[in-house]
Amino acid sequence: MRLEGSLSVTDVTATVMPERIAVVPDDFPGFLPKLDIKEGDTVGIGSPLMHDKNDTEVRLVSPVAGTVESVVRGPRRKIERVVIMTSPTPDAARPAVKPEMTEASVRAALKSSGLWAMMRRRPYDIIPQAADSPRDIFVTAMDTAPLALNLEEMTKGMEAYIAKGVEALKLLTKGNIYIGVAKGSAMPDVKGAEIVEFPMLHPAGNVGVQIANIAPVNKGETVWGLDIVTLAKIGRLMTEGTVDYSVEVAITGSEVVSPKVVKTIPGAPLASLLKDDVKNDGRHHRIISGNVLTGTPEGEEGYLRYPYRQVTVIPEGDDADEFMGWASLSPSKMSESRSFFGKLLGKRFSPDARLQGGRRAMIMSGIYDEYVPMDILPEYLIKAIIARDIDQMEALGIYEVAPEDFALAEYADPSKLELQRIVREGLDYMRSEV
């Protein structure tokens, strides 16, 4: 997807230390939160904020030192976010404790540091469970989403941490560790890991796509996935006993004045990251934490959400006045169909957030197959999920997929179905019933 608002540089051009940050439990599927703090408590960097009810050792921790400003709850007292006011003394971190290189010590260190929650397991696309012994572990060194940062660039100079991270994760699996890289990558070999090349085309950077094309997961098996940035953080934890919770974030999109890379803290307010950098063109804006395919619409009052790597600003489109509306054949219109002139011109597009047509009955056109490069029948799987047919869901490969694997198909879907939401609900249903 060739979109306007891409990065021209990959170096960090600004550092933003926010006044407050938010930790959102919903960013970590499979995590059932129970608070370890209350409003007014003082916390340090790495202090536990909440733990998983099913495994008390799995924690979400504070990436900053400060004071718990509020615990925001939703319906049925669900914890929506914990907001922390940052301290003017940001070095108030927990003492460094270098873990031993044993399976038990590595597991305990990952759980207590919050890095355990940064990994995902298949099936179900949730955080790893306490008793998991993964068949294999897959690491993606690619982010092929629109306007995304180059993950290899983000981890330059961290080769020693990456090697240490592989050494640590090797203790948790009897199988292989695979690192998926872009074709022609200059990443050096890593002892204990197998490097696998993929074309730099979306969705090849998705861990699920790499799993499906290297060693698919079958019923009864468990595999883990993570990105190369998280792997480097694991390596630093095992080397120095500390975690660097800072993140590099790409500020992108057609409504950004100057796309750039900002260093900040997970959960930072989007307003602080976008200050004076959103075009004042009179248009309504959609501010997305993430990319245009899988990101979460947050608005100016929102926060940077996991996986904390990108913020995208595009036109909302509700104020657009376009001749013929969705039926316009304007060359500036972005579409999957070759009947639109823009498809033939190969230009960069500035899409807005409009649906461009109404939702309708599912059209069995085979179009999903073009955008889900996995050995499954995606249209039939979606139908089985909607019908809650467990046997068919299993037979059609639900254990292999995650919502992000259907993001590109959702963009091209002529039926305008919310495929990612459908897949997430299907995975949650399977987990509760099987």
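The legends below accompany close-up views of a predicted model.

**View 1. An open sheet of 3 strands with antiparallel pairing.** Read across the sheet, the strands follow the order β3-β5-β6. Strand β3, formed by residues 33–35, and strand β6, formed by residues 55–61, stand at the edges with a single partner strand each, so one side of β3 and one side of β6 are left without a neighbour in the sheet. Neighbouring strands of this sheet are not lined up exactly, being turned against each other by 40 degrees on average when direction is ignored.

**View 2. The pairing of strands β5 and β6.** Strand β5, which covers residues 48–52, runs antiparallel to β6 and is joined to it by 4 bridges. To follow the pairing at the level of residues, begin at M50, whose bridge partner in β6 is L60.

**View 3. The cis peptide bond between R122 and P123.** The omega angle of this bond is about 5 degrees, and P123 itself is placed in the loop that lies between β9 (120–122) and β10 (137–140).

**View 4. The cis peptide bond from H202 to P203.** Here omega is near 10 degrees, and the proline, P203, is found in the loop between strand β12 (194–198) and helix α4 (207–214).

**View 5. L147, a residue with a positive phi that is not a glycine.** The phi angle of L147 is about 65 degrees, and the residue lies in the loop between β10 and α2, the latter spanning residues 151–154. Because buried means under 20% relative accessible area, L147 counts as buried at 12% relative accessibility.

**View 6. K416, a residue with a positive phi that is not a glycine.** The phi angle of K416 is about 60 degrees, and its place is in the loop between helix α10 (407–412) and helix α11 (419–433). With a relative accessibility of 17%, K416 counts as buried.

**View 7. G235 and its contacts in and around helix α5.** Helix α5 is made up of residues 228–240 and includes G235, a residue that is buried, with a relative accessible area of 0%. When its neighbours within four places in sequence are left aside, G235 is in contact with Y161, K164 and G165. Although G235 and Y161 are 74 residues apart along the chain, their C-alpha atoms are separated by 4.2 Å.

How values were computed
Residues are numbered from 1 along each chain as its sequence is written. This is a predicted model: local features need pLDDT of at least 70, side-chain atom pairs count only at pLDDT 80 or more; totals for chains, interfaces and linings use all residues. Side-chain values use heavy atoms; hydrogens and water are left out. Two strands pair if DSSP finds at least two bridges between them. Helices (H or I, at least four residues) and strands (E, at least two) are DSSP runs, numbered from the N terminus. Axes are lines fitted to C-alpha atoms, for helices over the stretch in contact, and angles run from 0 to 180 degrees between N-to-C directions. Buried means under 20% relative accessible area, exposed over 50%, partly exposed in between (1.4 Å probe, protein chains only). Contact means heavy atoms within 4.5 Å.
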